[in-house]
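The following paragraphs guide the reader through a single structure, beginning with the surroundings of its ligand and proceeding to one helix and the loop after it. Please keep the sequence and the model in view while reading.

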Amino acid sequence: MTEQATRKPFLYVVVCAAGIAADVGELIAAAQERDWEVGVIASPVAMNGFFDTAAVEARTGRPIRSAWRTPGEPRPFPAPDAVVVAPATFNTVNKWAAGIADTLALGTLCEAVGLGVPIAVLPCVADALAAHPAYGDSLERLRGMGVRFAEPYAGEGGQDGGRPEFGWKRALDLVEHR
Ligand SMILES: Cc1cc2nc3c(=O)[nH]c(=O)nc-3n(C[C@H](O)[C@H](O)[C@H](O)COP(=O)(O)O)c2cc1C
């Protein structure tokens, strides 16, 4: 059998700088249980203490990508079979919808639609930010491009002060089904 025939499907997990990113290992573990190979691409801000980068690299067996490669370097990951953005911030959703590609994470997202692979987004955006009209426009534009969004998650605690479940596996359900 050829290597192509035996390789697992490759999932890009794009991680943005939201507090919930600290738990992204749950998504990676769930994806690996479902037989995805995972490569993590993080926004530069997310690399600044939002999640345990060493633990993620140990779990995926690959370096996290955040900076652009130099022109002579090969592409670090295989082409994606699917892309998930989890958590997705207000900032990244708006820049992606506007076609801004000034970080590796955004460039990857802008290109992903043109690759024709399934893309799922788990937003983590406070209600006060989500009320900005640009955000609604961005969601509409990205949905129109075929991007699949999970229901809104504001990350705000209920009456008991605890944070509701983020439901990381929703990202896998969104890219695997339909
Ligand atoms: C502790 C902390 C938690 C944050 N959580 C969120 C969040 O849940 N959602 C969000 O949209 N922005 C959040 N932000 C703001 C983003 O980090 C900020 O907008 C940043 O520019 C996002 O960069 P990125 O989209 O490139 O990852 C948070 C910032 C801090 C310091």
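For the classes used here, Ala, Val, Leu, Ile, Met, Phe, Trp, Tyr, Cys and Pro count as nonpolar, Asp, Glu, Lys and Arg as charged, and the others, Gly among them, as polar. The model itself is predicted. By these classes, the shell around the ligand is made up of nine nonpolar and six polar residues, with no charged residue. There are 15 residues around the ligand, and those that come nearest are C16, A17, A18, S43 and T89. Among the elements, helix α4, which spans residues 90–97, gives the most to this shell, with three residues.

Attention may now turn to strand β3, which contains P87. The peptide bond that joins A86 to P87 is cis, with an omega of about -5°. In general, most peptide bonds are trans, and most residues other than glycine have a negative phi. The second part of that statement will matter again below.

Helix α2 comprises residues 25–33, and L27, I28 and A31 are buried in it. These three residues lie on the same side of α2, because they cover an arc of only 100° around the axis. The elements that cover the buried residues of α2 include the strands β1 (10–15), β2 (37–42) and β3 (82–88), together with the helices α3 (53–60) and α8 (169–176).

One of these residues, I28, merits a separate description. I28 belongs to helix α2. A residue is classed as buried if 20 or more other C-beta atoms lie within 10 Å of its own; I28 has 22 such neighbours inside 10 Å and therefore counts as buried. When residues up to four places away in sequence are left out, I28 touches V13, V38, V56, R59 and T60. For one of these partners, V56, the separation from I28 is 28 residues in sequence, while their C-alpha atoms are 8.1 Å apart in space.

What follows α2, and is that residue buried or exposed? Helix α2 is followed by D35, which is found in the loop between α2 and β2. The limit for an exposed residue is 12 or fewer other C-beta atoms within 10 Å; D35 has 9 and is therefore exposed. The backbone of D35 is also notable, since its phi is positive, near 75°, in a residue other than glycine.

Methods:
Residues numbered from 1 in each chain as written. Predicted model: local features only at pLDDT ≥ 70, side-chain atom pairs only at ≥ 80, totals over all residues. Near = placed C-beta within 6 Å. Helix = DSSP H or I, 4+ residues; strand = E, 2+ residues; numbered from the N terminus. Arc of directions from axis to C-beta. Contact = placed C-beta atoms within 7 Å.
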